[in-house]
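Here's a quick briefing to read with the model open beside you. It goes topic by topic, so feel free to jump around.

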Amino acid sequence: MHATKHIYIYRYDFTESDLAKLESRYIFNKEESNKLLISDIKVDPSTSAFIKKRLDIITCSNDYNVLIDQIKAEDIRTDGFKVEYLILDGDTTRNTDRLEKVKDIGYCIDTYPDYYNPTITYGVCHHKGVWYFGVLIKNNFAWHKHKQKPHSYSNSIKMNIAKALVNIATEAKEGEIILDGCCGVGTIMLEACFAGVTIEGCDISWKTCKNARENLNHYDYVSQVYCSDIKDLKKRYDAIILDLPYNLYTEATDSEILHIINSSAEISDRLVIVSTSDITNLINAAGLELSDYCNVSKRGKANFTRRIWICKVVR
């Protein structure tokens, strides 16, 4: 029986549901559903804030007993293994039965397990009538270290959103060069650098540029930060992320926002724009083609919503 290569298990807050789905469309060209996505595309779970685990399929079968025979035939001999049962949407297997199946698979592996510090973790799951077995890769959440960056603002974009913006901007392609056009203290830049994406930043405030550079240096990331109006940049980028100014101290007028958008459109064909207000009229005034859109609310603040527009430059 042919097996799809990877099963991705998602975890996110309800306020980020639309963003998780938007990100999945740009990574996998399909939308996650019920916190689950099956794809032949291989992605490190740690590049996304919303992907909790990836199961790399070794074998699968409609018949559980056949699956066990297939696992035995693999003749797995890896010391220090662990087996986990993954509960997917629609799986009604009782807890006692899940534990028995974990034991069944453990007995198929002719080496000693290690439940606390495994060298490898295997996963078993049941989805739409098919049993799957494979290697389980987890999001290591190493990017959480960015919470301890030296400089941060209360209005800084959340890391979860920043990571999604990077994936959306690059469309999960390798070798993309992107710009954070209103970089602030570099929250988006940190997530891009962590993911191995080439990113540069610019901001008109010398102080925020200084803070962004110090944040990057703190994690030994190498990236260029320009203290400049975006109109003065001449280099072209594969995509530009614009987290537009919005708070009491950095609020921009419509003419200033239109200036930022138009200047960005001069040096890139793809813009990912974030704003707390509806700027559809400005996007239309700039002559951009709207490709996709979503809202991200903030738990506990019903009146605060970030709007995300994915736009193409029509030339």
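**Helix 4, tucked inside**

Start with helix 4: 12 of its 12 residues are buried, so the rest of the structure largely encloses this helix. Keep in mind that this is a predicted model. The protein chain has 315 residues, and buried ones make up 52% of them. Its secondary structure comes to eight helices and 13 strands.

**More on helix 4**

- Helix 4 covers residues 159-170, and at 1.5 Å a residue those 12 residues should span 16 Å; the end C-alpha atoms sit 17 Å apart, which agrees.
- The buried residues of helix 4 include polar or charged names such as Asn160, Lys163, Asn167 and Thr170, alongside Met159, Ile161, Leu165 and Ile168.
- Right after the helix comes Glu171, with a positive phi of about 55 degrees.
- Glu171 belongs to the loop that runs between helix 4 and strand 7 (177-180).
- Is Glu171 buried or partly exposed? Its relative accessibility is 23%, so Glu171 counts as partly exposed.

**Nonpolar cores**

- The largest nonpolar core has 47 residues, and Leu19, Leu165 and Ile308 have the most contacts inside it.
- Which element gives this core its largest share? That's helix 4, with eight residues.
- Leu19 is a good residue to click on: leaving out residues up to four places away in sequence, it touches Phe50, Ile161, Ala164, Ile168, Cys294, Val296 and Ile308.
- Of those partners, Ile161, Ala164 and Ile168 are among the buried residues of helix 4.
- Another core, of 25 residues, lies apart from that one; among its members are Ile240, Leu244, Trp309 and Val313.
- As background, nonpolar side chains tend to be buried together in soluble globular proteins.

**Strand 3 and its partners**

- Strand 3 (residues 51-61) is mostly covered, with nine of its 11 residues buried.
- Strand 1 (residues 6-10) runs antiparallel to strand 3, and five bridges join the two.
- To find that pairing by eye, look for Tyr10, which stands opposite Ile51 in strand 3.
- Strand 3 also pairs with strand 6 (residues 130-138), again in the antiparallel sense, over eight bridges.
- Here the pair to look for is Thr59 and Phe133, the latter in strand 6, standing opposite each other.

**Cysteines**

- How many disulfides does the model have? The count comes to zero.
- Cys202 is in no disulfide, and the nearest cysteine sulfur, that of Cys183, is 6.5 Å away.
- With 0% relative accessibility, Cys202 counts as buried.
- Cys209 isn't in a disulfide either: the nearest cysteine sulfur belongs to Cys227, at 4.2 Å.
- Why does Cys209 count as buried? Because its relative accessibility is 0%.

**A few single residues worth a look**

- Ser228 lies in the loop between strand 9 (225-227) and strand 10 (239-243).
- Ser228 has a relative accessible area of 16%, so it is buried.
- Not counting residues up to four places away in sequence, Ser228 touches Cys202, Asp203, Ile204 and Leu233.
- Arg306 sits in strand 13 (residues 301-313).
- This arginine, Arg306, counts as buried because its relative accessibility is 5%, and the cut-off for buried is under 20%.
- Arg306 and Asp278 are 28 residues apart in sequence, while their C-alpha atoms are 9.4 Å apart in space.
- Asn34 has a positive phi, near 55 degrees, and is a residue other than glycine.
- You'll find Asn34 in the loop between helix 1 (17-28) and strand 2 (36-39).

**The whole chain**

- Taken along the principal axes, the C-alpha atoms of the protein chain fill a box of roughly 65 × 40 × 35 Å.
- Among contacts between residues at least 6 apart in sequence, 71% join residues at least 24 apart.
- The protein chain exposes about 15,500 Å², and carbon and sulfur atoms supply 48% of that.

Note on methods: Residues are numbered from 1 along each chain as its sequence is written. This is a predicted model: local features need pLDDT of at least 70, side-chain atom pairs count only at pLDDT 80 or more; totals for chains, interfaces and linings use all residues. Side-chain values use heavy atoms; hydrogens and water are left out. Helices (H or I, at least four residues) and strands (E, at least two) are DSSP runs, numbered from the N terminus. The expected span of a helix is 1.5 Å times one less than its number of residues. Buried means under 20% relative accessible area, exposed over 50%, partly exposed in between (1.4 Å probe, protein chains only). A disulfide is a pair of cysteine sulfur atoms within 2.5 Å. A nonpolar core is a set of buried Ala, Val, Leu, Ile, Met, Phe, Trp, Tyr and Cys residues joined through side-chain atoms within 4.5 Å. Contact means heavy atoms within 4.5 Å. Accessible areas come from the Shrake-Rupley method with a 1.4 Å probe; for residues, only the protein chains shown count as cover. Two strands pair if DSSP finds at least two bridges between them.
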